[in-house]
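Biologist: I would like a close look at one part of this model, taken slowly enough for a first-year student to follow.

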Amino acid sequence: MSVKYMSAQEAVKLIKSGHYVYVQGSTSVPEVLMQAMADRGNELRGVTVYTGFAVTKGMAPICKPEYKDSFLVDSFFVNNSVRKWIGEGYGSMTPRFLGEVPQLFRDGTWPIDVALMNCSMPNEDGYVSFGVSGDVATSAVECARIIIAQLNPHMPFSYGDPVIHVSKLDAAVLVDEPLVEVPTATPTEKELKIGGYIAELIPDGATLQIGVGGIPNAVVQALSNHKHLGLHTEAMTDGVLPLLESGVIDNSQKRIEPGKSIASLALGSRRLYDFMDYNKDIIFRDVAWTNDPFIIAQNPKVMSINSCLEIDLTGQVCADSIGTRIFSSVGGQHDFVYGSSRSEGGISFLAMLATTNKGLNKIKPVLTEGAGVVTTRFQTNYVVTEYGAVDLRGKNLAERARLMISVAAPEFREELDRAAAERFGYSYLRLK
C-alpha cells in the first residue's frame with residue numbers, strides 16, 4: 001500500500017509541551033526525528049524523553065544546556081548519547097531490570113504520549129518492522145497515543161513482535177540513513193583465555209545467552225566444534241553469525257521456540273543486519289518475554305554469559321556503575337542469571353579481566369563505595385577471569401574468598417589474602 005510521507009519537521013509538530021516521548025534504542029535510534037524534535041527546543045517545555053539501551057552516532061541533540069527545561073531525559077539504561085548529560089546532573093536514570101521496563105508502560109507507571117521509531121520499509125502487506133529493536137519498543141508502541149516513524153530502507157525486516165501496519169502510524173518520514181554499526185570486538189589474548197575456560201564448561205545442546213563485547217565474542221569463537229546449540233538471548237551480535245552459518249547453532253534441543261533463534265535486539269555490522277532481513281529462522285520478541293526468567297528456564301542447559309565491572313570476595317557483582325557514577329544499567333544480566341539457575345543443567349558465567357586498563361584490581365575486598373550490586377552473592381555461579389574459572393555455587397563466604405583470590409591478578413593476591421583473613425577469621429585461615 002502507498003504511504004503518505006511528510007517531513008520530519010512536520011511530523012514532530014505532533015509533540016507538545018508536557019508530553020512523554022519514547023525514543024527507540026539499540027542501533028536504530030531515529031536520529032532524524034530526534035534532531036527535528038531538538039530543533040523545536042526553544043518552543044517546547046517539560047517534554048520527558050525516555051531513552052534506553054542504544055548506540056548512537058554521538059551526543060543526543062536534545063542534550064544542550066539551553067534545552068535543560070525543554071527536554072527532561074529519563075533513561076532506563078544510560079547509553080552513549082546521554083551518558084555525559086546524565087553525569088552532569090541534567091538528566092536522570094530510573095533503575096529497572098530491562099525485562100521489567102515494558103510493565104512500566106503497560107500499567108501506566110510511565111505515561112507515554114509519543115513513540116519515535118525507526119522502521120523498515122513496508123512489506124507487500126503493508127507491515128513495517130522495528131528491525132533491530134523489539135526490546136522495549138514493542139510495549140512503547142503498544143501504549144503510545146501517537147506513533148511517529150522513520151521508514152528506512154537500511155532497516156532489516158525482522159519477524160516476531162516488532163511489526164506494525166503502516167495504517168497505525170500517525171506520521172511517516174522517509175529517511176535513507178544507514179544504521180549505526182558496532183564493529184565486532186576482537187578478543188585480546190587474555191579474553192581468549194577467558195573464552196576458552198567458559199567454552200570448556202558448555203555442553204553440546206546448550207541454549208546460549210551471550211552478552212556484548214570482547215569476552216562474549218571470545219566464548220563464541222571457542223564454540224566452533226560444539227553441536228546442536230540454541231540461541232535465546234537479549235542481544236544478537238555479529239559474534240554468533242559463524243555459529244548460525246555453520247549450523248553449530250541449530251536450536252534443535254530448545255523447548256521454547258525450537259528451530260528458531262530468539263533475540264530482543266541486535267547490535268552489529270551491516271552483515272548482521274543483512275543476515276536478519278526477512279530471515280524466518282530469527283524471531284525478535286518483546287524484552288518482557290525474552291528476559292522472563294521463567295520462560296528462559298524452560299530451555300535445557302541455559303548458559304548465561306555476561307560481563308561485569310568488579311566483584312568482591314563474597315561474590316557481589318557490580319555491572320552498572322563505577323563507584324557512584326552510573327555507567328550503563330543492569331540490562332538482562334539478572335534475568336538470565338536467575339533463569340539459568342532454574343534451567344535443567346543451566347550455568348551462569350560472570351566474566352571480566354582481573355584488572356582495569358590502568359592495572360587496578362577488579363576483584364575487591366569490598367566493592368567500591370557507591371558501586372551498585374547487580375548480581376547478589378546469593379545468585380553468583382561461575383566467576384571467570386584470565387586466571388581461571390571458579391564456581392561459587394554452594395560455597396560459604398570463606399571458601400568464596402579463597403576461590404576469588406585464586407582468579408585475581410597475582411600481584412593483588414597477598415593483599416586480598418590479608419583482607420580475607422581479617423574479615424572471615426579462622427573459617428578462612430583453616431582453608432590454607
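Leaving aside its neighbours within four places in sequence, which residues is serine 348 in contact with? Please start there and work outwards through the elements around it.

Modeller: This is a predicted model, and what follows should be read that way. Beyond its neighbours within four places in sequence, serine 348 is in contact with Ser304, Val337, Ser340, Gln379, Asn381 and Tyr382. Serine 348 itself sits in strand 22. Its relative accessibility is 3%, and because buried means under 20%, serine 348 counts as buried.

Take the contact Tyr382 first. Tyr382 belongs to strand 24, residues 382–385, a strand that is covered on both faces. In a regular strand the side chains alternate between the two faces of the sheet. In strand 24, Tyr382 and Val384 lie on one side, Val383 and Thr385 lie on the other, and all of them are buried.

Strand 24 is also a pairing partner of strand 22: the two run parallel and are joined by three bridges. Strands of a sheet pair through backbone hydrogen bonds, either parallel or antiparallel. One pair to find on the screen is alanine 351 with its bridge partner in strand 24, valine 384. Strand 24 pairs with strand 25 (residues 388–391) as well, this time in the antiparallel sense and over four bridges. A hairpin through two residues connects strand 24 to strand 25. Here the bridge partner of threonine 385 is glycine 388 in strand 25.

Now take the contacts Val337 and Ser340. Both are listed among the buried residues of helix 12, together with Gln333, His334, Asp335, Phe336 and Gly339. Helix 12 covers residues 333–342, and seven of its 10 residues are buried, so helix 12 is largely enclosed by the rest of the structure. What do these buried residues pack against? Strand 22 is one of the elements, and the others are strand 11, helix 10 (287–290), helix 11 (293–296), strand 17 and strand 19 (317–318).

Strand 19 leads to a small side topic. An open sheet of three strands has the order 19-18-23, and its pairing is mixed. Strand 19 and strand 23 (363–364) form the edges; each has a single partner strand, so one side of each has no neighbour in the sheet. Strand 18, residues 310–312, pairs with strand 23 in the parallel sense over two bridges. Within that pairing, aspartate 312 has lysine 364 of strand 23 as its bridge partner.

Strand 22 is packed against by another helix too. Helix 7 spans residues 214–221, and seven of its eight residues are buried. They are Gly214, Ile215, Pro216, Asn217, Ala218, Val219 and Val220. These residues pack against strand 22 (347–351), strand 17 (302–307), strand 11 (207–210), strand 13 (235–237), helix 6 (189–201) and helix 8 (241–246). Strand 22, strand 17 and strand 11 are therefore packed against by buried residues of helix 7 and by buried residues of helix 12.

Phe336, one of the buried residues of helix 12, opens a further route. Leaving aside neighbours within four places in sequence, histidine 232 is in contact with Phe336, and also with Thr207, Leu208, Gln209, Ile262, Trp289, Thr290, Ile295, Ile296 and Asn299. Is histidine 232 in a strand or in a loop? Histidine 232 lies in the loop between strand 12 (230–231) and strand 13. With 3% relative accessibility, histidine 232 counts as buried. In sequence, histidine 232 and glycine 346 are 114 residues apart, while in space their C-alpha atoms are 13 Å apart.

One of the contacts of histidine 232 is Ile262, and strand 14 covers 261–263. That strand belongs to an open sheet of three strands with parallel pairing and the order 8-16-14. Strand 8 (159–160) and strand 14 are the edge strands, and each pairs on one side only. Strand 8 runs parallel to strand 16 (residues 282–284), with two bridges joining them. There, glycine 160 has phenylalanine 284 of strand 16 as its bridge partner.

To return to the starting point: serine 348 is buried, and its place is in strand 22. Strand 22 pairs with strand 24, and buried residues of helix 12 and of helix 7 pack against strand 22.

Note on methods. Residues are numbered from 1 along each chain as its sequence is written. This is a predicted model: local features need pLDDT of at least 70, side-chain atom pairs count only at pLDDT 80 or more; totals for chains, interfaces and linings use all residues. Side-chain values use heavy atoms; hydrogens and water are left out. Buried means under 20% relative accessible area, exposed over 50%, partly exposed in between (1.4 Å probe, protein chains only). Contact means heavy atoms within 4.5 Å. Two strands pair if DSSP finds at least two bridges between them.
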